[in-house]
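Please look over the sequence and the model shown here. The paragraphs that follow go from one pair of residues out to the chain as a whole.

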Amino acid sequence: MGRETAGTTPVGPGRPYRYFDAQEGPGGSRDAQTCPLTPCPIDAPHGTLLTICQIQTPGGILSRTRTRTPVVPGWFAGEGDDFRLLGTRCSACASVFFPREDAFCRNPGCPGGELAEVPLSRKGRVWSYTDSRYRPPSPYVSDPELEWQSYALIAVELEFERIVVLGQAVPGVTVADLTVGMEMEVVPGVLNEDAETTWTTWHWRPTGVGA
Ligand SMILES: [Zn+2]
């Protein structure tokens, strides 16, 4: 579910890298993140985390595709406009749970029903938000050699379920772009990447804004 696997091919001297390293690290001293070519051969926006790395060499274009894996299995599925958060709904009282509850209904007034997986609303409205200006301590995963990139964290009240779901804003959207009550939609996102894997998650994006 929601899991895609692609083949890999060696990338020679250029292991997967981030485009901003190609811009800011000419010379290639940092093996894992430094593009061997300046300028970068891929026309990607500055700061884009690349899922597919392609490097032009005298022998041709070398490329590598990482495996895309949900950071938490079963919490979301689909691609593009079909992307949805997945919760569960109780057959007895119709309570909806996210994160999904698969063991028993947590409504104290409910006699107990079957919990079935249900896709949640694509849209909702900003309930609250803040930003993350400092690098969290371990076990948060980040590269200490890279400058910390703050991101907006948004609590969105879902359109139909009326439950509030936290998530990061899409890259490029900051707290200055947000207001309480603004309509948002859930879109596929990337939490982080390592050498082999792109760990996927969900992001919130103001509706009507292109990808
Ligand atoms: Zn129930």
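Which residue in strand 12 is the bridge partner of Glu185? In this predicted model, the partner of Glu185 is Arg205. The two strands concerned, strand 11 and strand 12 (residues 197-206), run antiparallel and are joined by 9 bridges.

Strand 11, residues 183-193, also pairs with strand 8, residues 123-132. This pairing is antiparallel too and consists of 3 bridges. Here Glu183 of strand 11 stands opposite Arg125.

Strand 11 and strand 12 also take part in the nonpolar interior. The largest nonpolar core has 18 residues, and those touching the most other members are Leu85, Ala152, Ile154, Val156, Ala169, Val186 and Trp204. At least two core residues come from each of strand 9 (151-158), strand 10 (164-169), strand 11 and strand 12. Strand 9 gives the largest share, 4 residues. In soluble globular proteins, nonpolar side chains tend to be buried together.

Leu85 shows how such a core member is surrounded. Apart from neighbours within four places in sequence, Leu85 is in contact with Trp75, Phe76, Phe98, Leu120, Val165, Val186 and Trp202. One of these, Val186, is itself among the core residues that touch the most other members.

Now take the chain as a whole. Its secondary structure comprises 1 helix and 12 strands, with the helix placed at the start of the order and the strands following it. Of contacts between residues at least 6 apart in sequence, 52% link residues at least 24 apart. The chain has 211 residues, and 23% of them are buried.

Note on methods:
Residues are numbered from 1 along each chain as its sequence is written. This is a predicted model: local features need pLDDT of at least 70, side-chain atom pairs count only at pLDDT 80 or more; totals for chains, interfaces and linings use all residues. Two strands pair if DSSP finds at least two bridges between them. A nonpolar core is a set of buried Ala, Val, Leu, Ile, Met, Phe, Trp, Tyr and Cys residues joined through C-beta atoms within 7 Å. A residue is buried if 20 or more other C-beta atoms lie within 10 Å of its own, exposed if 12 or fewer, and partly exposed in between; C-beta atoms are placed from the backbone. Two residues are in contact if their C-beta atoms, placed from the backbone, lie within 7 Å.
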